[in-house]
Amino acid sequence: MMADPKRWQIGLVGYGEVGRILAEDLRRQDIKVAAYDVKLGGEQAAALKDHAAKLGVMLAASHAELTMKSDFIISAVTASQAVPVAKACAAAINQGTWFLDFNSASPGAKQRAAALIDGAAGRYVEGAVMTSVPPYRIKVPLLLGGPGARELEPLLNTIGFAAKVASDKLGVSSAVKMCRSIMIKGLEAMVIESFTTARAYGVEDAVLASLAETFPAIDWEKQGAYFFQRVIEHGRRRAEEVREVAETVREAGLTPWSAEGTAERQAWVADLADEGLFGTKGTKEFARSADWRTEADRILARIKR
């Protein structure tokens, strides 16, 4: 294992929005990057291959091929795939290879993933991404957890990450992330439900005025548009994450009424997006309306049909 992280061969499992952003920022430093994504076998393959070719990112044909060639692996997949990916990588991981779990999974899921990687002589560290990646890119606030977190922290920050150790114990940083998501993903779902309902009754201006009076620091027009955009584009992934949030709540002994409702609303919007209600996925216009009313009106028209 090379001591200089700028000379690592970094393997990205997951070449979605987060994976591509990390690849771009790492390649700008001339760090070698490879990637694998199950979508390479589907209809999105051409766009992913084009992006990788422009950056000089090598695409692997399997988890095993990627893992065997990597000094450092980042798993950035959907929440439900966190443990399966760890299992697939554990089968081929080299001794001492770092495995950073970037996924929004419950503390229990992170502990199961760690057992698989560490059991195969890899070095598992959990990472909890504490806000939306696109505005911050590789500098997104990242909480690390696990026995190897303190050793990995300076290595990550050398290559541009903004990592901070939360705990030497696995599950702590994930618990911070999951509890935050109850609020953030829940607020997204509530804004869509509240604003769309207000629009149906023609009272949206009064509702926004009232919210601005109670929470003057928030630009509710701008925030509303942003929440609609993010849920329309990433509702499926968010629903999976919030199901992990619900599992985290259950692990604490509570019934996750709020989290379960949030997951349902996020998935419901994702279903509408899959139907094409908000336009064609993959186009520049998709999920980019600056006025949330446009998307709320589409939802209301769909309901009336």
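Here a biologist and a modeller talk through a predicted model.

Biologist: Let's start with the sheet. How many strands does it have, and in what order do they lie?

Modeller: Eight strands make up an open sheet with mixed pairing, and their order is 3-2-1-4-5-6-7-8.

Biologist: What makes strand 3 and strand 8 edge strands?

Modeller: Strand 3 (58-59) and strand 8 (162-167) each have a single partner strand, so one side of each is left without a neighbour in the sheet.

Biologist: How do you know that strand 7 and strand 8 pair?

Modeller: Pairing takes at least two bridges, and five bridges join strand 7 (residues 141-145) to strand 8. They therefore count as a pair, and they run parallel. You can look at L142, whose bridge partner in strand 8 is A163.

Biologist: Now the helices. Why are helix 10 and helix 11 called roughly antiparallel?

Modeller: Helix 10 (residues 220-251) and helix 11 (residues 257-274) pack at an angle of about 160°, their axes being 7 Å apart. Angles over 145 degrees count as roughly antiparallel, and therefore the name fits helix 10 and helix 11. Their crossing is left-handed.

Biologist: Which residues make that contact?

Modeller: Helix 10 contributes V231, I232, G235 and R236, among others, while A259, E260, T262 and A263 are among those from helix 11. By kind, the residues in this contact of helix 10 with helix 11 are 12 nonpolar, three polar and eight charged.

Biologist: And what makes helix 8 oblique to helix 10?

Modeller: The axes of helix 8 (residues 172-201) and helix 10 come within 7 Å and cross at roughly 130°. That value is neither over 145 degrees, nor under 35, nor in the range 65 to 115, so the pair falls in the remaining class, oblique. This crossing is left-handed too. The contact includes K177, M178 and S181 of helix 8, with W220, G224 and F227 among the residues of helix 10. It divides into 13 nonpolar, four polar and six charged residues.

Biologist: Last, the aromatic rings. How many pairs are there?

Modeller: The count comes to six aromatic pairs. One of them is W8 with F72.

Biologist: Why is the pair of W8 and F72 called tilted?

Modeller: The ring centres are 4.9 Å apart, and the cut-off for a pair is 6.5 Å, so W8 and F72 qualify. The planes stand at 35°, which is neither under 30 nor over 60 degrees, so the pair counts as tilted. W8 sits in the segment before strand 1 (9-13) and F72 in strand 4 (residues 72-75), so the pair links distant parts of the chain, 64 residues apart.

Methods. Residues are numbered from 1 along each chain as its sequence is written. This is a predicted model: local features need pLDDT of at least 70, side-chain atom pairs count only at pLDDT 80 or more; totals for chains, interfaces and linings use all residues. Side-chain values use heavy atoms; hydrogens and water are left out. Helices (H or I, at least four residues) and strands (E, at least two) are DSSP runs, numbered from the N terminus. Axes are lines fitted to C-alpha atoms, for helices over the stretch in contact, and angles run from 0 to 180 degrees between N-to-C directions. A crossing is left-handed if the near helix is turned anticlockwise from the far one by less than a right angle, and right-handed if clockwise. Contact means heavy atoms within 4.5 Å. Ala, Val, Leu, Ile, Met, Phe, Trp, Tyr, Cys and Pro count as nonpolar, Asp, Glu, Lys and Arg as charged, and the others, Gly among them, as polar.
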